[in-house]
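This report describes selected local features of one protein model. It covers ring contacts, cysteines, strand pairing and backbone angles.

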Amino acid sequence: MEVLAPSCVKDKRYIGSSPAKQAATAAPLGDSHTTAADGLTDYSPSDAPWDTHRAIADDVGGIYAGAVEFERYAARMDACSGVLRFGWVDTPETGETRLRLREAHFCRVRHCPVCQWRRSLMWQARFYQSLPKLVEEHPKARWMFLTLTVRNCPITELGDTLTAMNAAWQRLIKRKEFQSVLGWVRTTEVTRGKDGSAHPHFHALLMVPPSWFKGSKYVKHAKWVELWGDCLRVDYAPNVDVRAVKPRARSGEACADDVAAALRGAVAETLKYSTKPADLVADESWFLELTRQTHRRRFVATGGALKDVLKVDEETDADLALADGPADGEDDGSRLAFSWRRADRRYRREPRADKQPTG
């Protein structure tokens with residue numbers, strides 16, 4: 001069934017449902033009136049994360065609004081992703097028609113839950129897009145997932161701790177045990193301890209040659225602990241987690257698809273949020289101090305063969321809007337708009353912001 005919005009933009013929220021269900025559930029599209037089925041999730045259930053992340057962004061923005069020094073962040077977040085414009089895309093292989101985000105405005109405040117989420121997806125998409133070329137250039141390369149930690153610190157000492165960790169990383173990559181690494185991506189995550197302390201740690205994805213696992217080049221877990229502790233210049237053994245990413249070849253040698261499938265979990269863990277959304281709103285004073293302590297600090301670093309895969313300095317509204325990855329098909333240029341309704345804590349149809357088909 002195809003319902004035409006007042007702007008004559010295609011409205012296919014009921015594609016895939018039965019005619020009887022369509023007739024029973026279809027509701028008229030008003031301009032300023034809301035209906036039981038005018039939410040983004042009514043049109044596209046898979047886009048439910050938009051409601052979740054934008055609602056938390058309201059909570060975070062409210063914390064900023066209550067602190068004079070961060071009122072500018074609150075103002076920027078208030079306008080973040082206020083209107084989303086989607087296009088209908090037909091997938092040739094399946095014949096399925098689905099919504100894909102095409103246009104939105106983002107605030108880029110470091111701790112905005114929406115921007116953190118979209119940035120994580122954008123980096124993951126860029127990594128996957130670069131993977132075929134990496135596999136072609138380094139067909140026998142293997143992958144390691146490495147987590148490096150330090151003892152929890154008071155939130156007021158987080159900045160100094162991050163400075164020490166970054167210096168330790170620079171020492172680590174110069175050690176002989178690290179010299180065989182072909183490329184790396186490293187991110188910083190900060191979680192909140194139960195006692196209100198901060199737990200900063202690094203996640204790193206390493207591309208290594210197959211010889212890494214043979215003879216004297218292999219770095220055992222105990223050696224990683226020793227190395228990281230020495231580079232940190234601490235008198236305790238820090239927690240280190242290191243594991244190989246093992247592709248499961250369906251037949252013969254692992255192909256690019258096998259490598260991509262095995263890497264998916266490691267990439268997602270490496271490029272996830274810098275701070276969990278729940279930690280942002282658990283304690284207002286902790287969160288505000290987190291903002292002070294992390295101001296102007298880079299939480300992503302790359303090197304070697306992976307130096308340019310994330311393009312960390314390239315980030316536009318379009319990049320974040322299309323962060324789900326390239327669309328499977330083309331659309332006609334029409335745009336279906338949804339606006340954030342703070343009182344409802346959900347996105348709802350905004351026909352007045354629709355766009356006509358092009359051409």
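## Rings, cysteines and strands

Arg264 lies over the face of Tyr128, at 4.4 Å from the ring centre. A charge sits over a ring if NZ of Lys or CZ of Arg is within 6 Å of the ring centre and within 35 degrees of the ring normal. The model is predicted: local features need pLDDT of at least 70 and side-chain atom pairs count only at pLDDT 80 or more, while totals for chains, interfaces and linings use all residues. Residues are numbered from 1 along each chain as its sequence is written, and side-chain values use heavy atoms, with hydrogens and water left out.

A second charge over a ring involves Arg186, whose charged end sits 4.1 Å from the centre of the ring of Phe202. The ring of Phe202 also pairs with that of Trp169: the centres are 6.1 Å apart and the planes are at 80°, so the pair is edge-to-face. Rings of Phe, Tyr and Trp (its six-membered ring) pair if their centres lie within 6.5 Å; planes under 30 degrees apart count as stacked, over 60 as edge-to-face and the rest as tilted. This contact links distant parts of the chain, with Trp169 in helix H6 (residues 158-172) and Phe202 in strand E7 (residues 198-208), 33 residues apart. Helices (H or I, at least four residues) and strands (E, at least two) are DSSP runs, numbered from the N terminus. Both Trp169 and Phe202 are buried, where buried means under 20% relative accessible area, exposed over 50%, and partly exposed in between (1.4 Å probe, protein chains only).

By the ring-pair rule there are 18 aromatic pairs. Phe70 and Tyr73 form a stacked pair, because their ring centres are 5.6 Å apart and their planes are at 10°. Phe70 is buried at 5% relative accessibility, and Tyr73 is buried at 11%. One aromatic cluster is made up of Trp50, Phe106, Trp117, Trp340 and Tyr347.

Trp50 is also among the buried residues of helix H3, which include Asp51, His53, Arg54 and Asp58. Helix H3 (residues 48-65) has 18 residues and reaches 26 Å from its first C-alpha to its last, close to the 26 Å expected at 1.5 Å a residue; the expected span is 1.5 Å times one less than the number of residues.

The structure holds zero disulfides, a disulfide being a pair of cysteine sulfur atoms within 2.5 Å. Cys115 is in no disulfide, and the nearest cysteine sulfur, that of Cys107, is 3.8 Å away. Cys115 counts as buried at 0% relative accessibility, as does Cys153 at 5%.

An open sheet of four strands has the order E4-E3-E10-E11 with antiparallel pairing; two strands pair if DSSP finds at least two bridges between them. Strand E4 (97-103) and E11 are the edge strands, each pairing on one side only. On average, neighbouring strands of this sheet are turned by 40° against each other, direction ignored; the axes are lines fitted to C-alpha atoms, for helices over the stretch in contact, and angles run from 0 to 180 degrees between N-to-C directions. E3 and E10 run antiparallel and are joined by four bridges, with Leu84 opposite Phe338 in E10.

Strand E6 (residues 183-192) is largely enclosed by the rest of the structure, because nine of its 10 residues are buried. E6 has antiparallel pairings with E7 and with strand E9 (residues 300-304), as tabulated below.

| Strands | Bridges | Bridge partners or opposite residues |
|---|---|---|
| E6 and E7 | 10 bridges | Thr191 and His199 |
| E6 and E9 | five bridges | Val185 and Thr302 |

E6 and E7 form a hairpin with five residues between them, and Gly196 in the turn has a positive phi of about 85°. Most residues other than glycine have a negative phi. Ser81, not a glycine, has a positive phi of about 50°. Ser81 is in the loop between helix H4 (71-78) and strand E3 (83-90) and is buried at 0% relative accessibility. Arg345, also not a glycine, has a positive phi of about 55°. Arg345 is in the loop between strand E10 (336-341) and strand E11 (346-349) and is partly exposed, with a relative accessible area of 39%.
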